[in-house]
Amino acid sequence: MIRRPPRSTLSSSSAASDVYKRQIILSVIIVGIAIAVGINMFQTNAVDSNRQALISDVTNLGAKAHRYWRTPTSLAGGGQDFEGFYLTPKEAENANGVFRVEDTEPTDASTITADTSASAKTKIGDGTSVIYIIASGVELGDDGTNQVKVYATVNGQQVVTAVLN
């Protein structure tokens with residue numbers, strides 16, 4: 001007995017057409033996934049680059065503060081104190097973000113305002129032995145709400161950086 005396919009079976013040319021359609025659909029799906037992964041990787045790289053640039057900037061500003069601390073007051077330094085130390089308007093903002101110097105340690109990931117006017121300078125008061133240089137970046141951080149934020153703790157012996165977001 002010879003078996004024949006049922007009459008409802010599509011012709012061979014129609015079956016080949018279905019295979020090609022499935023291949024095209026599969027190709028479109030794969031390209032879409034590749035684009036989504038690429039966008040995600042680019043965004044992650046942008047955040048990491050901004051964070052590393054801010055860490056570099058606060059480390060450099062921390063070194064400046066440390067030099068100020070070590071320089072005698074007779075040479076316009078702090079004389080082993082941070083009293084009078086401040087960031088200039090050029091130092092307070094760059095392409096990586098905005099910076100501020102404080103005498104209290106930051107505790108959250110809120111952004112820093114970009115007010116670099118003369119009245120916005122935070123001068124450190126008398127008897128301060130530790131300062132914090134805080135930076136808020138241009139990219140959204142890991143929480144997806146606030147900008148990337150890092151800070152440097154500066155004292156007479158060292159500059160230590162930390163990441164808040």
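**Notes on a predicted model: salt bridges, strands and a buried asparagine**

1. Let me start with a charged pair in this predicted model: arginine 100 and glutamate 102 join their side chains in a salt bridge, at 3.1 Å from N to O. A salt bridge here is a side-chain nitrogen of Lys or Arg within 4 Å of a carboxyl oxygen of Asp or Glu. Arginine 100 is partly exposed at 22% relative accessible area, and glutamate 102 is partly exposed at 21%. For these labels, buried means under 20% relative accessible area, exposed over 50%, and partly exposed in between (1.4 Å probe, protein chains only).

2. A word on conventions. Residues are numbered from 1 along each chain as its sequence is written, and side-chain values use heavy atoms, with hydrogens and water left out. As the model is predicted, local features need pLDDT of at least 70 and side-chain atom pairs count only at pLDDT 80 or more, while totals for chains, interfaces and linings use all residues.

3. Now the overall layout. The protein has two helices and five strands, in the order α-α-β-β-β-β-β from the N terminus. These elements are DSSP runs numbered from the N terminus: helices are H or I with at least four residues, strands E with at least two. Of the 165 residues, 29% count as buried. The protein exposes about 10600 Å², with carbon and sulfur atoms supplying 55% of that area; the areas come from the Shrake-Rupley method with a 1.4 Å probe, and for residues only the protein chains shown count as cover.

4. On to the strands. Strand 1 (residues 93-94) pairs with strand 2 (residues 97-102) in the antiparallel sense over two bridges, and a hairpin of two residues joins them. Two strands pair if DSSP finds at least two bridges between them. In this pairing glutamate 93 stands opposite valine 98. Strand 2 also runs antiparallel to strand 3 (residues 131-140), with six bridges; there, phenylalanine 99 faces alanine 135.

5. You may like the other salt bridges too; the structure holds four. Arginine 51 meets aspartate 142 at 3.4 Å, N to O. Arginine 51 lies in helix 1 and aspartate 142 in the loop between strand 3 and strand 4, so this pair ties together parts that are 91 residues apart in sequence. Arginine 51 is buried at 9% relative accessible area, whereas aspartate 142 is exposed at 63%. Both belong to a salt-bridge network with Asp48.

6. Another salt bridge links glutamate 91 and lysine 64, with the closest N and O atoms 2.7 Å apart. Glutamate 91 lies in helix 2 and lysine 64 in helix 1, so parts 27 residues apart in sequence are tied together.

7. Please also look at asparagine 155, in the loop between strand 4 (147-154) and strand 5 (159-163). Asparagine 155 is buried, with 17% relative accessible area. Its side chain reaches the backbone nitrogen of glutamine 157 at 2.8 Å, and a polar atom of that side chain lies 2.9 Å from the backbone nitrogen of glutamine 158. Leaving aside neighbours within four places in sequence, asparagine 155 is in contact (heavy atoms within 4.5 Å) with His66, Phe82, Ser129 and Val130.

Key: A polar contact is a pair of N or O atoms within 3.5 Å; within protein, one must be able to donate a hydrogen and the other to accept it, and residues adjacent in sequence count only if both atoms are side-chain atoms.
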